[in-house]
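Reader: Could you give me a close look at one part of this model? I'd like to hear about the packed interior and what goes on around it.

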Amino acid sequence: MDTAWPANGTALAKVAGVQDIPAIVSDGAGGAIVTWMDTRPGASVVDIYAQHVLASGRVDSRWPANGVAVSTAAGPQEFPAIVCDGAGGAIITWFDLRNSITSFDIYAQHVMSTGVVDPAWPVNGRAL
């Protein structure tokens, strides 16, 4: 156990609803970026959120409390996967049903190291 971390771990989201199916990637500086499916109040069914954990085990204060919304598009977004972007941020992909109730599309979104969704990318992700 890493003694720098809180004894009982770090909460990434303290919000009602279900947060599950996490995926994690190194931030390249001893911490990690975690993404998950989220059904918090106001969710469009299932949305995708992410949070940055520092090497100390603390949540990065630059990121929104309870995680940054990666996609809150209509319909469910499910089963996130994540890779580092080489600059302390991440690219997150997921299955998305916003355009059809019978077949998934794949979407991606870039989250910058500052906890901001990249403004150069479309809101709620880019269809791949």
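Author: Here is a walk from the nonpolar core to two buried polar residues, and then out to the surface. Bear in mind that this is a predicted model.

Let's start with the core. The largest nonpolar one has 16 residues, and the members that touch the most others are Ile33, Ala50, Val70, Ile82 and Ile92. Plenty of strands chip in: β1 (19-26), β2, β3, β4 (68-71), β6 (90-96) and β7 (105-111) each supply at least two residues. The top contributor is β6, which gives 3 residues.

Ile92 is a good place to stop and look around. Setting aside neighbours within four places in sequence, Ile92 is in contact with Ala50, Val70 and Ile82, among others. The rest of its contact list is Thr35, Ile48, Pro80, Ala81, Tyr107, Ala108, Gln109 and Val111.

Now for the polar residues, beginning with Asp47 in strand β3. Asp47 has a relative accessibility of just 1%, so it counts as buried, the cut-off being under 20%. Its side chain makes a polar contact with the side chain of Ser44, at 2.5 Å. Further along the chain, again leaving out neighbours within four places, Asp47 is in contact with Trp36, Met37 and Asp38, as well as Ser71, Thr72, Ala73 and Gln77. There's a long-range pairing to check too: Asn124 is 77 residues away in sequence, yet its C-alpha atom and that of Asp47 are separated by 9.7 Å.

Next up is Arg40, in the loop between β2 (32-38) and β3 (47-53). You might look for this one out on the surface, but with a relative accessible area of 10% Arg40 is buried. A polar atom of its side chain lies 2.7 Å from the backbone oxygen of Asn66. Asn66 also turns up in the list of residues in contact with Arg40, neighbours within four places aside, together with Ala13, Val15, Ala16, Gly17, Gln19 and Tyr49.

Finally, step outside. A nonpolar patch on the surface is formed by Ile21, Phe79, Phe95, Phe104, Ile106 and Leu128, which together have about 560 Å² of accessible area. Take Phe79 as a sample member: Phe79 sits in strand β5 (residues 77-84). Its relative accessibility is 44%, so Phe79 counts as partly exposed, a class that runs between the buried limit of 20% and the exposed limit of 50%.

Methods:
Residues are numbered from 1 along each chain as its sequence is written. This is a predicted model: local features need pLDDT of at least 70, side-chain atom pairs count only at pLDDT 80 or more; totals for chains, interfaces and linings use all residues. Side-chain values use heavy atoms; hydrogens and water are left out. Helices (H or I, at least four residues) and strands (E, at least two) are DSSP runs, numbered from the N terminus. Buried means under 20% relative accessible area, exposed over 50%, partly exposed in between (1.4 Å probe, protein chains only). A polar contact is a pair of N or O atoms within 3.5 Å; within protein, one must be able to donate a hydrogen and the other to accept it, and residues adjacent in sequence count only if both atoms are side-chain atoms. Contact means heavy atoms within 4.5 Å. A nonpolar core is a set of buried Ala, Val, Leu, Ile, Met, Phe, Trp, Tyr and Cys residues joined through side-chain atoms within 4.5 Å. Patches are made of residues with over 30% relative accessible area and no salt bridge: like charges are joined within 9 Å, nonpolar side chains (Val, Leu, Ile, Met, Phe, Trp, Tyr) within 5 Å. Accessible areas come from the Shrake-Rupley method with a 1.4 Å probe; for residues, only the protein chains shown count as cover. A salt bridge is a side-chain nitrogen of Lys or Arg within 4 Å of a carboxyl oxygen of Asp or Glu.
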